[in-house]
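Visitor: I have the model open and I'd like to ask how some of these labels are earned. Can we start with the DNA?

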2 protein chains.
Amino acid sequence: MPTATGRSRRKAGPSIEDVARLAGVSAQTVSRVSTGADAVRPATRARVLAAMDQLGYSPNRAARALRNGSFGTIGLLAHRFERTGEALTTKAVVEAAEAQDHSVTLLHVSNPEADGWQHAAHRLSHQAVDGLVIIRAEQATPDSLALPAGLPIAVSDSRLVGYYPAVVADQVQGSQDVMAHLLGLGHPTVHHIAGPADSDPAALRAATWQRCLEEAGIRPPQVWRGDWSAESGYAAGQRIAEDPAITAVYCANDEMAFGLMRALHEHGRRVPQDVSVVGFDGIALSEFSSPPLTTVKQDFHRIGHELVRLVLDQLQSKPGLSRDRVVVSTELLVRGTTAPPPGR
Amino acid sequence: MPTATGRSRRKAGPSIEDVARLAGVSAQTVSRVSTGADAVRPATRARVLAAMDQLGYSPNRAARALRNGSFGTIGLLAHRFERTGEALTTKAVVEAAEAQDHSVTLLHVSNPEADGWQHAAHRLSHQAVDGLVIIRAEQATPDSLALPAGLPIAVSDSRLVGYYPAVVADQVQGSQDVMAHLLGLGHPTVHHIAGPADSDPAALRAATWQRCLEEAGIRPPQVWRGDWSAESGYAAGQRIAEDPAITAVYCANDEMAFGLMRALHEHGRRVPQDVSVVGFDGIALSEFSSPPLTTVKQDFHRIGHELVRLVLDQLQSKPGLSRDRVVVSTELLVRGTTAPPPGR
DNA sequence: TCCCGGAATGTTGACGTCAACATAGCAGCG
DNA sequence: CGCTGCTATGTTGACGTCAACATTCCGGGA
């Protein structure tokens, strides 16, 4: 059974010794040149550089990592990271890490049940990376992860917030803005298509929606349950479109809003004249639905950068500099899918 | 100049020696248990496993990499990988790599001008990863990359195809299907919103569009030039919407189709009654525009898996098994944005 | 002239792992 | 009862790098 064990010793590239021999110096001098640390006579340095160039030498990162105990690598643990929010965060994490001379190793958690996360965490265990960023670990709990102690970790919205340094978007403010906007337009009530029940951000958005209604003296209607996908928004939309009493829907993300709008469109209900729709996330395409979607924009770029900062601060033992929880503000973008209710 | 060099020796986790001592065996026996390779008596194995568990041991990957000359890591070089196609390909690459016990290190090329790619290639230089996957290296040329010789590489659609083993989507077939569909509906001609001029897939789609028109005896109209973004599709749409003679537009990707549709909508031109629109990629949201977008679906999942296979085949020196070029077929999805031209 | 001191360079060893080889233990058999 | 031929385990060394320490070299001052 020759599975993946068939890895044999690869032919090595030129080593520091080869360069040293060619340049007529010791390995240590080559090391000095390559790390740029110590004093080396300009003539010697030039000779070493020429030798490096000639051999196409580049330092072996495994050996460096072994020597230094540091990989220059941050692990990124995510589930379904091809989704817009995750992809944008990932991009920002990679950029920020690069700016700090770190690279990013991706680990995709295929089955988000506890086992998948644990398996993933184990693979990226504390010797493989210097730190770990976890984005949207929806089902995971600190126990189910069993991460090695001492590994610097930063998480974004998820159940893990509170257990590890975290970056969270201001779900509450964003949801309040949405509700103020819709109720301000005169809608008698607002329906909500929520994200999956095991998602923390989804729960927060739903709770804020509910609280805002209650504070306005309105009894919250039954919540519609989606799973972030446009399909689920479409499915909920099939029922919503049949109820002429519904004039405003707050969707927990943009994809579900797209699904809802298609369902409304198919049932001949006009957006925004008959029904107002609001999304969440501010994905690039949200500006190009017809009409463009009113939504709450998240600053994924900043979220990614803050996540990296939290991890690297721990690495460099600057606990004083890193607050436990960074809140990134959100912004309501009022575009074309919201209007006063019909007959008003 | 203390740049990022301030990394000190991290406190090490438990080593194989610690486990050996606790279990009362030699380090080699621990190694055998941890690699699962050799024969170890069940009682001994159990003792070692218990010791590993108690200490929270996990093998040091740097040491392993140094020993084996292999990192178990594939590098992924991409520009703007947060876009749908890139993100889906990335996901598939990560999954496929994981299935082969490899992890994936992401490298984001921020400025795609030659320098950015070269810088990126240098960072991932041949000792850091066992192989390299390059997706959509639009501006890069083999010379501008200067990749280390002997590093297994696989590329997807880009100018690099032909220089390295490649996986390409069947742009030609997909474009032909689009043109046959639209012309078959009776449209007198078809306009095209192309991708950026330096993109190979964009060029291929545009060339096929042009050839199909010519073969039908139609003189191709001026091409509209976009940059893949919905914004650019919207910008082209502002002009297209003003020309009542235009009844069908083939967009080189879905995002631009979304932008076009919003522009058409704003100008009161109905899709598909007045204008037919076709996209390319088959992103998840394309099914949830109103009406749902007719598009050419690419199998990003398969593309990612083939890329990994090409790299790993080279790693295991199976040149016979890996063709130089894998073509992944595309599929026209006829949905709601295409219809016969008005008055027919 | 000789010695001192600092700068440039060299030598040694250790990081953690695992392949190769070495040895110990033990069952089976004549 | 000793020998053969396994199987289970132990020992050694090397992968490439770099910090710590050691050495060499050289100019300048006494």
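Visitor: What makes the pair formed by A:R64 and a phosphate oxygen of DNA strand D a polar contact?

Guide: This is a predicted model, so take the distances as computed ones. An N or O atom in the side chain of A:R64 sits 2.4 Å from a phosphate oxygen of DNA strand D. The cut-off for a pair of N or O atoms is 3.5 Å, so the pair qualifies as a polar contact. The side chain of A:Y57 also puts an N or O atom 2.8 Å from a phosphate oxygen of that strand. With B:R41 the atom is a backbone N or O, 2.8 Å from a phosphate oxygen of DNA strand D. As for elements, α2 (27-35) and α4 (61-68) of chain A, along with α2 (27-35) and α4 (61-68) of chain B, give two or more residues to the surface near DNA strand D.

Visitor: How many residues surround DNA strand D, and which are the closest?

Guide: There are 24, and the closest are A:I16, A:R64, B:S26, B:A39 and B:T44. Of the strand's atoms within 4 Å of the protein, 61% belong to sugar or phosphate, and bases provide the rest.

Visitor: And which residues come nearest to DNA strand C?

Guide: Out of 25 residues around DNA strand C, the nearest are A:S26, A:T44, B:I16, B:Y57 and B:R64. Sugar and phosphate make up 61% of the atoms of DNA strand C that come within 4 Å of the protein. The biggest share of the surface near this strand comes from α2(B), with four residues.

Visitor: What makes the approach of B:R67 to DNA strand C a polar contact?

Guide: A side-chain N or O atom of B:R67 is 3.2 Å from a base oxygen of DNA strand C. That is within 3.5 Å, so it counts. B:S31 and B:Y57 go to phosphate oxygens of DNA strand C instead: a polar side-chain atom of B:S31 lies 3.0 Å from one, and a polar side-chain atom of B:Y57 lies 2.8 Å from one.

Visitor: Moving to helices, why is α11(A) called largely enclosed?

Guide: Because 11 of its 13 residues are buried, the rest of the structure largely encloses α11(A). The buried ones include A:M256, A:F258, A:L260 and A:M261, but also A:D254, A:E255 and A:R262.

Visitor: How do you know that α11(A) has close to its expected reach?

Guide: Helix α11 (residues 254-266) of chain A spans 18 Å from first C-alpha to last, and 18 Å is what 1.5 Å a residue predicts for its 13 residues. Just past the helix, A:G268 takes a positive phi of about 75 degrees.

Visitor: Why is A:A137 called buried?

Guide: Its relative accessibility is 0%, and the limit for buried is under 20%, so A:A137 passes. A:A137 belongs to the loop between β3 (131-135) and α7 (142-145) of chain A. A:A137 and A:S156 are 19 residues apart in sequence, with their C-alphas 8.1 Å apart in space.

Visitor: What makes β3 and β4 of chain B a pair of strands?

Guide: They share three bridges, in the parallel sense. At least two bridges are needed, so they pair. B:L132 stands opposite B:I153 in β4(B). β4(B) also pairs with β5 (residues 166-169) of chain B, in the parallel sense over two bridges, and B:S156 stands opposite B:V167 there.

Visitor: Which way do the residues of β4(B) point?

Guide: B:I153 and B:V155 point one way, B:A154 and B:S156 the other, and all are buried. In a regular strand, side chains alternate between the two faces of the sheet.

Visitor: Why are β7 and β12 of chain B called edge strands?

Guide: The sheet is an open one of six strands, ordered β7-β6-β8-β9-β10-β12 (chain B), with mixed pairing. β7 (224-225) and β12 (331-333) each pair on one side only. Inside the order, β8(B) and β9(B) pair in the parallel sense over three bridges.

Visitor: Last one: which residues touch the most other members of the largest nonpolar core?

Guide: Among its 54 residues, they are A:I193, A:V277, B:I193 and B:V277. Another core, of 50 residues, lies apart from it and includes A:F81 and B:I74.

How values were computed:
Residues numbered from 1 in each chain as written. Chains lettered and ligands numbered in written order. Predicted model: local features only at pLDDT ≥ 70, side-chain atom pairs only at ≥ 80, totals over all residues. Heavy atoms only, no water. Expected span 1.5 Å × (residues − 1). Buried < 20%, exposed > 50% of the residue type's maximum accessible area, 1.4 Å probe, protein only. Core = buried A, V, L, I, M, F, W, Y, C linked by side-chain atoms within 4.5 Å. Near = heavy atom within 4 Å. Polar contact = N/O pair within 3.5 Å; in protein donor to acceptor, adjacent residues only side chain to side chain.
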